[in-house]
Amino acid sequence: MNERGIYCLVFRNPGITLGIGSLGDVEFSPGWHIYVGSALGQAGFSRVRRHISLFVEKNKKPRWHVDYLLTSSYFELESVFCGKTAERLECTLSGLFGGENVPGFGCSDCRCRSHLFHRDGNPEDEVRSAFEALNLPVHMKKIK
């Protein structure tokens, strides 16, 4: 049985305008971005393994909004945070990140404004604190 839960991908980019599927051209500020995702489906955290593989190999056509970041040579996947839970906490976790965001990114199946948030500096401590605020033990993996 696959483990399930929620996760955050932490990206760094130099600032770019990039086509993101149905969102069209999106201007990304330079710095860091936090993407909040759910791994509650049948495949569980294998979704995160797919994200990492797509970032490394860049060998598939983008399917979801986040895939456009993973396949872009301008976005570096720096780290991944995962928290095991059976509860639907993806939107609650997203709600803990305020500030600049990309409207409509990664949230076509919920009522959230966004699941992608910009930061000027490295947000890893903030991400860890957000998982702790939800009382979820977090596992972090450095990618780059």
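This section describes strands, buried residues, pockets and backbone angles in a predicted model.

Strand β1 spans residues 5-13. The strand is mostly covered, with 8 of its 9 residues buried. Two strands pair with β1. With β4, the pairing is antiparallel and runs over 9 bridges. With β5, the sense is again antiparallel, over 8 bridges. Individual partners can be named on each side. Y7 has G37 as its bridge partner in β4. V10 has S79 as its bridge partner in β5. In a regular strand, side chains alternate between the two faces of the sheet.

Two histidines were examined in detail. H33 sits in strand β4. Its relative accessibility is 1%, so H33 counts as buried; the cut-off for buried is under 20%. The side chain of H33 is joined to that of N13 by a polar contact of 3.0 Å. Beyond four places in sequence, H33 touches L9, V10, F11, N13, F28, F75, L116, F117 and H118. H33 also lies 8.7 Å from D120, C-alpha to C-alpha. Along the chain, H33 and D120 are 87 residues apart.

H51 belongs to helix α1, which covers residues 46-57. H51 counts as buried because its relative accessibility is 1%. Its side chain makes a polar contact of 2.8 Å with the side chain of Y7. Y7 is also the residue whose bridge partner in β4 is G37. With residues up to four places away in sequence left out, H51 touches Y7, L9, V66, D67 and L70. L9 also appears among the residues touched by H33.

P123 provides a further buried site. The residue is found in the loop between β6 (116-119) and α4 (124-133). At 2% relative accessibility, P123 counts as buried. Outside the span of four places in sequence, P123 touches V10, W32 and I34. V10, one of these residues, has S79 as its bridge partner in β5. The C-alpha atoms of P123 and G31 are 9.9 Å apart. In sequence, P123 and G31 are separated by 92 residues.

The pockets were considered next. The largest pocket holds about 540 Å³ of space. Its lining consists of 26 residues. Nearest the centre of this pocket lie S38, R47, E90, G106 and D109. Four elements are listed as giving two or more residues to the lining: β4 (31-39), α1, α2 (65-70) and α3 (90-95). The largest share, 4 residues, comes from β4. By class, the lining has 11 nonpolar, 11 polar and 4 charged residues. β4 is also the strand that holds H33, and α1 is the helix that holds H51.

The second largest pocket holds about 320 Å³. Its lining is made up of 15 residues. Those nearest the centre are E3, F45, V48, C82 and H139. The elements giving two or more residues to this lining are α1, β5 (76-84) and β7 (138-142). The lining divides into 7 nonpolar, 4 polar and 4 charged residues. Helix α1 thus has a place in the list of contributing elements for the largest pocket and in the list for the second largest pocket. Strand β5 contributes to the lining of the second largest pocket and pairs with β1.

Two loop residues have notable backbone angles. Most residues other than glycine have a negative phi. K58 has a phi near 45 degrees, a positive value in a non-glycine residue. K58 is placed in the loop between α1 and α2. Its relative accessibility is 34%, so K58 counts as partly exposed. N135 has a phi near 60 degrees, also positive in a residue other than glycine. N135 lies in the loop between α4 and β7. With a relative accessible area of 70%, N135 is exposed; the cut-off for exposed is over 50%.

Notes: Residues are numbered from 1 along each chain as its sequence is written. This is a predicted model: local features need pLDDT of at least 70, side-chain atom pairs count only at pLDDT 80 or more; totals for chains, interfaces and linings use all residues. Side-chain values use heavy atoms; hydrogens and water are left out. Buried means under 20% relative accessible area, exposed over 50%, partly exposed in between (1.4 Å probe, protein chains only). A polar contact is a pair of N or O atoms within 3.5 Å; within protein, one must be able to donate a hydrogen and the other to accept it, and residues adjacent in sequence count only if both atoms are side-chain atoms. Contact means heavy atoms within 4.5 Å. On a 1 Å grid over the protein atoms alone, a cavity is a set of points where a 1.4 Å probe fits but cannot get out, and a pocket is an open set with protein on both sides within 12 Å along at least five of seven lines; lining residues have an atom within 4 Å of a point. Grid points are joined across faces, edges and corners, and a volume is the space filled by probe spheres set on the points. Ala, Val, Leu, Ile, Met, Phe, Trp, Tyr, Cys and Pro count as nonpolar, Asp, Glu, Lys and Arg as charged, and the others, Gly among them, as polar. Two strands pair if DSSP finds at least two bridges between them.
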